[in-house]
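Visitor: Please take one part of this model and go over it closely. I would like a single connected account, with each term explained when it comes up.

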Amino acid sequence: MDISEETFIVNLGIHVRQLREKKNLSQQDLANDCDIPKNQIGRIERAEINTSIKTLVKIANALDVEPKELFDFSLK
């Protein structure tokens, strides 16, 4: 199956937001836990940026999930 980069980034952002909300964290809470700016969390969730693996590992750690779980989503 071919998937566009844009579709993947959009779905990744949606999944990060769902995981964050499941943990009852605000964007600011997650940003603080990751030591990254709050606006970067928002830009990731809105698929405005293609973030680095380094940042995704920080997010996974803050959400207490394995990094691979960030990629465990159905494509829409």
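Guide: Helix H2 crosses helix H3 in a right-handed way (the near helix is turned clockwise from the far one by less than a right angle; anticlockwise would be left-handed). The model is predicted, so local features need pLDDT of at least 70 and side-chain atom pairs pLDDT 80 or more, while totals for chains, interfaces and linings use all residues. Residues are numbered from 1 along each chain as its sequence is written, and side-chain values use heavy atoms, without hydrogens and water.

H2 covers residues 27–34 and H3 covers residues 38–45 (helices are DSSP runs, H or I, of at least four residues, numbered from the N terminus). Their axes come within 8 Å and cross at roughly 115° (lines fitted to C-alpha atoms over the stretch in contact, with angles from 0 to 180 degrees between N-to-C directions). The two helices are therefore roughly perpendicular (65 to 115 degrees; under 35 is roughly parallel, over 145 roughly antiparallel, the rest oblique). On the H2 side, the contact (heavy atoms within 4.5 Å) is made by Gln 27, Gln 28, Leu 30 and Ala 31. On the H3 side, Lys 38, Ile 41, Gly 42 and Glu 45 take part. By class, three of these residues are nonpolar, three polar and two charged (Ala, Val, Leu, Ile, Met, Phe, Trp, Tyr, Cys and Pro are nonpolar, Asp, Glu, Lys and Arg charged, and the others, Gly among them, polar).

H2 also packs against H4, at an angle of about 110° and with the axes 9 Å apart. That makes H2 roughly perpendicular to H4. H2 passes H4 in a right-handed crossing. In H2, the residues involved are Leu 30, Asp 33 and Cys 34. Facing them in H4 are Lys 58, Ile 59, Ala 62 and Leu 63. This contact of H2 with H4 has five nonpolar residues, no polar ones and two charged ones.

Leu 30 can be followed through both descriptions. On one side, Leu 30 belongs to the contact of H2 with H3. On the other, Leu 30 is among the H2 residues that meet H4. Ala 31 of H2 is listed in the contact with H3, and Asp 33 and Cys 34 of H2 in the contact with H4.
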